[in-house]
Amino acid sequence: MDSTISVSKGCFVFKKPNKEINKKKSKSKKQLTTNQPEAELWHTTYIDIWNDVKSKIDDLTGSIYSKFISETVDFLTTSNITTNQYIPTACLLTGVNLPDHESLFGLLATNLEKSQPPVIVATLFSEHFSNVKNAVISMVSQLLNPNDDDSDFDEEMDESLNAVVKRSECTISTLIEWYSHQPTGTRIAILVKDYEMCQQTVLQNFILLLSCYIKEIPIVLAIGIATSISNLHNSLPHHVVTKLKVKMFVSEASVVFLNNIMDQVFLKPDCSFYLGGRILEYVTEVFLYYNFSIKQFIESLKFCLMEHFYLKPLNCICVAHESAQGALFDSLDKKTLEEITKLRSTNYKYKIDNNFKETFLQLIAELKACIDDFHIGLRVLHILVADLPHSPLGTQLREMYSTAMKKHIIDNTLFKTCLQLLKFLSKDDLLAKFDKIIHVFKNIKNNKRAKTAIKLVQSYVKRLEESHLNNLVIVEDKPQEKPKDNLQAISRSQFKRKLIDNVKLEDTRPMTEFEKARSETLDHLTEVILRQFLVPPTTMPLNELLIFDDLPSIRRKIVGEDRAAQYTAFVNPQHYLDCDCCELEFTEQIFKTMPDISIVYKLHLESRFDQINIYDWLQKFISIVGPDQNDDDNDDDIDPVLQSRFVRAVNELQHLGYIRPSKYKADHVQRLTCGSC
């Protein structure tokens with residue numbers, strides 16, 4: 001029997017099909033996809049780029065988590081389990097990034113199972129702590145039946161080799177008997193993922209129960225805490241805390257993961273997927289103000305990558321290697337080529353002719369060179385301004401990237417503020433920054449601008465080192481006489497400007513050699529190096545093909561607007577159903593072919609009061625769905641089918657939070673929303 005995706009799967013048992021049939025089906029599915037060359041280009045490009053990005057993220061996550069996981073595993077595997085009923089307990093302070101806890105505990109469980117001596121792991125969640133019996137059954141069931149899901153449906157498996165223990169038999173005595181057959185030194189690790197959400201009385205009794213059997217079974221605990229360690233001591237009484245040997249382990253904050261992922265994966269020129277400034281700002285705001293979840297942040301970037309390449313062969317060609325770009329370009333039809341001339345960045349300047357291919361490939365090469373230079377300049381800018389007071393441009397590379405992508409950052413007023421602060425730096429601090437900048441340029445290969453920039457920065461360093469801090473320099477070009485003040489009654493802005501000019505003219509303090517060298521080198525660095533390297537790639541032709549900055553297309557898809565979607569579905573169901581019978585001429589129309597919940601919702605919008613009479617509401621519903629029912633004045637002749645449909649729709653509205661039973665009248669409901677809210 002074929003499998004089903006309906007709700008009946010929750011009520012009826014479906015046997016697992018034979019593995020050979022599964023293999024045949026999977027092969028047939030693969031053969032179907034190979035016959036679609038049009039769809040393969042974007043899909044293979046997307047898969048290749050995402051696999052590369054995912055491998056870098058996994059390596060980075062492993063390196064960040066490595067110390068935290070290794071220290072926790074060492075404590076749980078090497079801590080001395082004494083006979084005085086102390087349970088070694090690792091308190092994992094993981095922060096409020098709850099969506100990432102599952103992956104963190106999964107990584108911890110994997111490392112525990114690979115450790116020596118062997119550790120058998122059971123993971124418990126807050127729903128398991130409804131009572132102590134349920135917690136014990138869940139724990140023992142996981143320990144004794146590690147492959148419970150697969151063993152229930154595999155008919156060919158030898159039951160004598162893998163005997164599944166029933167839930168009714170999952171007791172502590174069964175666990176003790178099972179543990180007697182395990183290798184010497186084996187430990188039992190119980191991971192409690194969401195400590196704050198567990199019922200505290202049940203958790204207390206569960207800990208006391210485990211402490212009673214610590215002599216027979218070496219048990220260790222790992223408790224995930226999202227707030228602080230004080231929450232553990234405040235929620236557990238003294239006689240329970242004394243049963244635990246607690247050690248605290250603190251995980252890195254989610255923002256640290258975010259900054260490392262952006263700096264070392266996405267904001268590097270070797271990454272084939274480039275984000276626009278608006279997109280990066282939006283996904284970062286979603287991360288900082290919604291969930292603090294790195295997992296969901298990565299999924300958002302994955303969706304942006306998919307949206308960028310989906311059925312867009314031009315974008316795929318731009319990412320391809322230079323040797324393959326020509327052949328892929330020749331495979332495009334004329335309609336696809338015309339899309340290039342319609343891009344906003346090209347400004348309708350290019351026409352399809354014999355030299356169009358060479359022009360396209362040359363523009364793509366120039367765009368990639370601009371992106372490489374932009375990332376170099378961004379690293380230099382980060383070195384200069386990241387540690388300035390008040391951080392006018394931010395402290396993180398992603399913040400400067402978002403600002404520099406929109407407009408040339410040299411012309412930004414915030415950068416001018418940073419430049420003024422840089423001119424107050426000491427000699428040692430400025431030389432230290434220049435040394436880091438030289439190191440950045442030395443790591444760049446095959447870039448002529450970088451080689452020229454190294455020589456310039458080295459000349460800056462030489463001049464600063466030779467300049468003296470005490471020798472004064474007389475400025476010859478300063479005006480000899482102060483002009484007459486002309487502060488007559490003019491506009492406020494002009495009056496302010498003249499005051500500033502007069503203050504500058506009054507400042508006759510001579511500059512030292514170092515101050516003059518510092519000011520001139522910073523100005524020269526800004527105009528010659530940063531202005532050339534920080535040209536926004538979004539100002540280059542064909543930038544839409546390489547840089548994804550289409551914010552309106554993903555805004556609602558990344559963060560769904562539930563109320564807006566529900567209102568659209570209720571008021572205009574044809575928007576989602578795409579049927580001809582529900583097409584509206586104006587919003588207030590109601591058809592009997594609409595879903596019942598749409599009809600009931602529209603009728604409830606017609607009420608001018610927050611109290612709605614259910615009987616009147618039912619009569620209006622029947623007048624639309626079954627108009628023949630209103631011909632008879634007898635109320636007892638209401639069709640029970642129509643009444644049940646109405647009741648079901650009303651219950652659905654109550655479940656969604658639009659109405660609730662009235663506290664004042666039994667035959668009324670209270671409306672909880674206004675209009676489209």
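A salt bridge here is a side-chain nitrogen of Lys or Arg within 4 Å of a carboxyl oxygen of Asp or Glu. The legends below describe a predicted model.

**Close-up 1. Glu520 and Arg463 form a salt bridge between two helices.** The closest N and O atoms of Glu520 and Arg463 are 2.4 Å apart. That distance falls within the 4 Å limit, so the pair counts as a salt bridge. Glu520 sits in helix α22, and Arg463 sits in helix α20 (residues 448–466). The contact therefore ties together parts that are 57 residues apart in sequence. Glu520 has a relative accessibility of 34%, so this residue counts as partly exposed. Arg463 is also partly exposed, at 36%.

**Close-up 2. Arg531 of helix α22 bridges to Asp411 in a loop.** The two side chains meet in a salt bridge, with an N to O distance of 3.3 Å. This pair links distant parts of the chain, 120 residues apart. Helix α22 spans residues 513–533 and holds Arg531. Asp411 lies in the loop between α17 (397–406) and α18 (413–422). Arg531 has a relative accessible area of 27% and is partly exposed. For Asp411 the value is 38%, again partly exposed.

**Close-up 3. Asp52 and Lys56 pair within one helix.** Their side chains form a salt bridge at 3.6 Å, N to O. Both residues belong to helix α2 (residues 37–78). They are four residues apart, about one turn of the helix. Asp52 is partly exposed, with 34% relative accessibility. Lys56 is partly exposed too, with a relative accessible area of 25%. The pair does not stand alone: Asp52, Lys56 and Asp270 are linked in a network of salt bridges. Across the whole structure, a search finds 14 salt bridges.

**Close-up 4. Phe570 and Tyr658 make an edge-to-face aromatic pair.** Rings count as paired if their centres lie within 6.5 Å. By this rule there are 18 aromatic pairs. In this one, the ring centres of Phe570 and Tyr658 are 5.8 Å apart. Their planes meet at 70°, so the pair is edge-to-face. Phe570 is in helix α25 (residues 562–571). Tyr658 is in the loop between α29 (640–656) and β11 (659–661). The pair thus ties together parts that are 88 residues apart in sequence. Phe570 and Tyr658 are both buried. Ring pairs also link these two residues with Tyr567 and Tyr601 into a cluster.

**Close-up 5. Phe621 and Phe646 form a tilted aromatic pair.** Their ring centres lie 5.7 Å apart. The planes are at 45°, so the pair is tilted. Phe621 comes from helix α28 (residues 614–625), and Phe646 comes from helix α29. The contact therefore ties together parts that are 25 residues apart in sequence. Both Phe621 and Phe646 are buried.

**Close-up 6. Four acidic side chains gather in a surface patch of negative charge.** The patch is made of Asp578, Asp580, Glu583 and Glu585. Glu585 lies in the loop between α26 (574–577) and α27 (596–605). Is Glu585 buried or exposed? Its relative accessibility is 73%, so Glu585 counts as exposed.

How values were computed: Residues numbered from 1 in each chain as written. Predicted model: local features only at pLDDT ≥ 70, side-chain atom pairs only at ≥ 80, totals over all residues. Heavy atoms only, no water. Patch = residues over 30% accessible without salt bridge, like charges linked within 9 Å, V, L, I, M, F, W, Y side chains within 5 Å. Areas by Shrake-Rupley, 256 points an atom, 1.4 Å probe, with all protein chains shown as cover. Lys, Arg positive; Asp, Glu negative; His and termini not counted. Charge placed at Lys NZ, Arg CZ, Asp CG, Glu CD. Buried < 20%, exposed > 50% of the residue type's maximum accessible area, 1.4 Å probe, protein only. Phe/Tyr/Trp six-rings, centres within 6.5 Å; stacked < 30°, edge-to-face > 60°.
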